[in-house]
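I opened this entry to look up the contacts, the fold and the core of one chain, and I note below what I found.

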Amino acid sequence: MQKLSADYPVWFCDIWGVIHNGYEPFANTVACLAQHRAHGGVAVLVSNSPRSEIGIVKQLDEIGVARAAYDAAVTSGDVTRTLMEEAPTHKLFHLGPE
């Protein structure tokens, strides 16, 4: 594990289906990420969820994913909001529910 963390210091890990199943965390994945961080690595959780990082972290807390397993969470919702704020005059096309 130490070699893997040394060779790949930053890990990006999908959330749904890798960190949890919607109801409970996958203990082996959470432990592996926490161990990576203990060896000096960085773990960033990623999701294609339209929700914000705040909403995702709240859900992770509620189902018992230890905060020691990750440094940050990034969602497509956060990225979209940031892009919209940076370029407010660009035309947008909304695809999805209201």
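I began with contacts, counted when heavy atoms lie within 4.5 Å: among those in the protein chain between residues at least 6 apart in sequence, 68% join residues at least 24 apart. I keep in mind that this is a predicted model, in which local features need pLDDT of at least 70 and side-chain atom pairs count only at pLDDT 80 or more, while totals for chains, interfaces and linings use all residues. Residues are numbered from 1 along each chain as its sequence is written, and side-chain values use heavy atoms, with hydrogens and water left out.

I then read the secondary structure, taking helices (H or I, at least four residues) and strands (E, at least two) as DSSP runs numbered from the N terminus. The protein chain has four helices and three strands, and their pattern along the sequence is α-β-α-β-α-β-α.

For burial I used under 20% relative accessible area with a 1.4 Å probe, protein chains only; 28% of the 98 residues count as buried.

Next I looked up the largest nonpolar core, a set of buried Ala, Val, Leu, Ile, Met, Phe, Trp, Tyr and Cys residues joined through side-chain atoms within 4.5 Å. The core has 16 residues, and those with the most contacts inside it include Ile 15, Leu 45 and Leu 60. Strand S1 (10-14), helix H2 (27-38), strand S2 (42-47) and helix H3 (53-63) each give two or more residues to this core, and H3 supplies its largest share, four residues.

Which residues does Leu 60 contact, leaving aside its neighbours within four places in sequence? I found Ile 15, Ile 19, His 20, Leu 45, Val 65 and Tyr 70.

Notes. Buried < 20%, exposed > 50% of the residue type's maximum accessible area, 1.4 Å probe, protein only.
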